[in-house]
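Visitor: Please pick out one hollow and show it to me up close. Then lead me from there into the packing around it.

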Amino acid sequence: MKTAILQSALVWENPQANRNHFEKKINAIDETVDLIVLPEMFSTGFTMNSSAVAETMQGETVLWLQSLAKAKKTAITGSLVITENGNFYNRLVFVFPSGEIQFYDKRHLFTLAGEDEIYTAGNKKLIVEYKGWKICPLICYDLRFPVFARNVEEYDLLIYVANWPKIRINAWDSLLKARAIENVSYTIGVNRVGEDDNKFVHNGHSQAVDFLGNYILEPVENEGVFKLELNKAELLLARKKFNFLNDRDAFTLKS
């Protein structure tokens, strides 16, 4: 699977500016890719001012994603602020090349920033089936909770989109490798760069790790579009040789 990950600074609470920026970056990708991954809250930055920036699933940003996915003939994923039935969600959307959408609402809300007081937590894990791959997309703080990410579905690719600050970047690097190894899965983390309006500095470290914990893309700190290719045959061969998932514990996850 050919994948492009976009690591970028974000314009605070300005969806139009961020859409314009990402559209230029995406349109500049001059080769066919299967999947494009954007950061968490890519249209606004990690804001708690949900009422000022929230959109609907029929809003401008979602329609923009659908239009881009169709035009580029690729899937695009990232999270944004969505309002629905009187609630606000940090919602990851996975937009297929056809324009079809599947979504995941962030389960683990970041209490340190008061995210749990503003947003409603999701309770359903999403497994996307796309081009013969099973993909599990999660959001930022979810990375700290391995039980929810546990690979009971035999997914092939785990994705984390984030606004993870520099001050805790060692945890980001360590946990992404851990999730890849324990789940015997390709793992991609896409973060932002730059300072937000809360004065938190982000140094990126977007990266890709294979199913044995080796870097496919080492952590990068600069803004850019980073391309990589994942090989499912190699993954299946490793799982056959090292059948660690066969020895996993059974458990039931409560809502």
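Guide: Let's start with the largest pocket, which is lined by 18 residues, and F46, F110, A113, N163 and R168 are the ones nearest its centre. A pocket here is an open set of points on a 1 Å grid over the protein atoms alone, where a 1.4 Å probe fits and protein lies on both sides within 12 Å along at least five of seven lines; lining residues have an atom within 4 Å of a point. Keep in mind that the model is predicted, so to speak: local features need pLDDT of at least 70 and side-chain atom pairs need 80 or more, while totals for chains, interfaces and linings use all residues. Numbering runs from 1 along each chain as its sequence is written, and side-chain values use heavy atoms, leaving out hydrogens and water.

Back to our hollow. The largest pocket holds about 310 Å³ of space, counted as the space filled by probe spheres set on the grid points, joined across faces, edges and corners. Its lining splits into 10 nonpolar, 3 polar and 5 charged residues. (Ala, Val, Leu, Ile, Met, Phe, Trp, Tyr, Cys and Pro are nonpolar, Asp, Glu, Lys and Arg charged, the others, Gly among them, polar.)

Now for the second largest pocket, at about 160 Å³. Among the residues around it are Y89, F103, Y104, D105 and the run A121, G122, N123, K124, K125 and L126. Strand β5 (residues 101-105) gives the largest share of that lining, 3 residues; strands (E, at least two residues) and helices (H or I, at least four) are DSSP runs numbered from the N terminus. By class, this lining has 5 nonpolar, 2 polar and 3 charged residues.

β5 also takes us to a helix. The buried residues of α3 pack against β5, and against α1 (15-27), β3 (75-84) and β4 (87-95) too. Those buried residues are T61, V62, W64, L65, Q66, L68 and A69, where buried means under 20% relative accessible area, exposed over 50%, and partly exposed in between (1.4 Å probe, protein chains only). Helix α3 spans residues 60-72 and reaches 18 Å from its first C-alpha to its last. Right after α3 comes K73, with a positive phi near 55°.

Go further inside and you meet the largest nonpolar core, with 47 residues; I135, L157 and I188 have the most contacts inside it. (A core is a set of buried Ala, Val, Leu, Ile, Met, Phe, Trp, Tyr and Cys residues joined through side-chain atoms within 4.5 Å.) I188 touches T3, I5, L157, L158, I159, Y160, Q207, A208, L228 and L230, not counting residues up to four places away in sequence; a contact is heavy atoms within 4.5 Å. A second, separate core has 21 residues, including L10, V33, L65 and A69.

One last stop: helix α6. α6 has 15 residues and reaches 21 Å from first C-alpha to last, with I169, W172, D173, L175, L176, R179, A180 and N183 buried. V184 follows just after α6, with a positive phi of about 45°, in the loop between α6 (169-183) and β9 (186-190). Most residues other than glycine have a negative phi. V184 is buried, at 2% relative accessible area. K131 has a positive phi as well, near 55°, but K131 is exposed, at 51%, in the loop between β6 (128-130) and β7 (133-139).

Notes: The expected span of a helix is 1.5 Å times one less than its number of residues.
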